[in-house]
Amino acid sequence: MKLLSGQGAYVGQMLSGFYLALFFPYVAWLSLSQSIQSFNQLTTLLSSPAIFIPGLVAIALGLIHAWVGLRDVLIDYAPRRYLMGLLFSMALVWLFVIANLAWLTTQLIGASL
């Protein structure tokens with residue numbers, strides 16, 4: 001719990017925001033420089049190591065960035081009596097999102113093989 005509190009959460013937000021600010025223009029440039037004509041070409045591009053590995057890092061950092069931001073908003077503005085329930089519900093939603101992203105990753109890897 002101490003890992004993402006106070007200054008640690010601030011540093012995590014700044015580092016993840018910096019990475020995402022560099023990653024998304026890179027992906028935009030890469031996708032615009034490629035001529036994508038079909039779904040197979042898109043999955044080939046997304047499953048290439050130049051996009052796939054930094055993309056997984058970006059997804060993980062994006063989830064951490066969103067978790068810390070939403071958690072801070074809930075801690076600051078939600079009534080205390082509802083706070084634990086809201087944080088638990090938010091954690092369940094994130095687990096669902098992570099499970100769906102894991103499924104999507106296996107589908108992309110399977111499509112490229």
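**Aromatic pairs and a buried serine in helix α1**

Modeller: In this predicted model, Ser-16 has a relative accessibility of 1% and therefore counts as buried.

Biologist: Where is the place of Ser-16, and which residues is Ser-16 in contact with, leaving aside its neighbours within four places in sequence?

Modeller: Ser-16 has its place in helix α1. Once neighbours within four places in sequence are set aside, the contacts of Ser-16 are Leu-61 and His-65.

Biologist: Which side chain does a polar contact join to that of Ser-16, and at what distance?

Modeller: A polar contact requires N or O atoms within 3.5 Å. The side chains of Ser-16 and His-65 are joined by such a contact, at 2.7 Å.

Biologist: How many aromatic pairs does a search of the whole structure find, and how is the pair of Tyr-19 and Phe-23 arranged?

Modeller: The search of the whole structure yields two aromatic pairs. Tyr-19 and Phe-23 form one with 6.1 Å centre to centre and 10° between the planes. Planes under 30 degrees apart count as stacked, and the arrangement of Tyr-19 and Phe-23 is accordingly stacked.

Biologist: Is Phe-23 buried or exposed?

Modeller: The cut-off for buried is under 20% relative accessible area. Phe-23 has 9% relative accessibility, so Phe-23 counts as buried.

Biologist: What kind of pair do Phe-23 and Phe-24 form?

Modeller: The ring centres of Phe-23 and Phe-24 are 5.5 Å apart, with the planes at 70°. Planes over 60 degrees apart count as edge-to-face, so the pair of Phe-23 and Phe-24 is edge-to-face.

Biologist: Which residues form one aromatic cluster?

Modeller: Phe-23 pairs with Tyr-19 and also with Phe-24. The one aromatic cluster is formed by Tyr-19, Phe-23 and Phe-24.

Methods. Residues are numbered from 1 along each chain as its sequence is written. This is a predicted model: local features need pLDDT of at least 70, side-chain atom pairs count only at pLDDT 80 or more; totals for chains, interfaces and linings use all residues. Side-chain values use heavy atoms; hydrogens and water are left out. Rings of Phe, Tyr and Trp (its six-membered ring) pair if their centres lie within 6.5 Å; planes under 30 degrees apart count as stacked, over 60 as edge-to-face and the rest as tilted. Buried means under 20% relative accessible area, exposed over 50%, partly exposed in between (1.4 Å probe, protein chains only). Helices (H or I, at least four residues) and strands (E, at least two) are DSSP runs, numbered from the N terminus. A polar contact is a pair of N or O atoms within 3.5 Å; within protein, one must be able to donate a hydrogen and the other to accept it, and residues adjacent in sequence count only if both atoms are side-chain atoms. Contact means heavy atoms within 4.5 Å.
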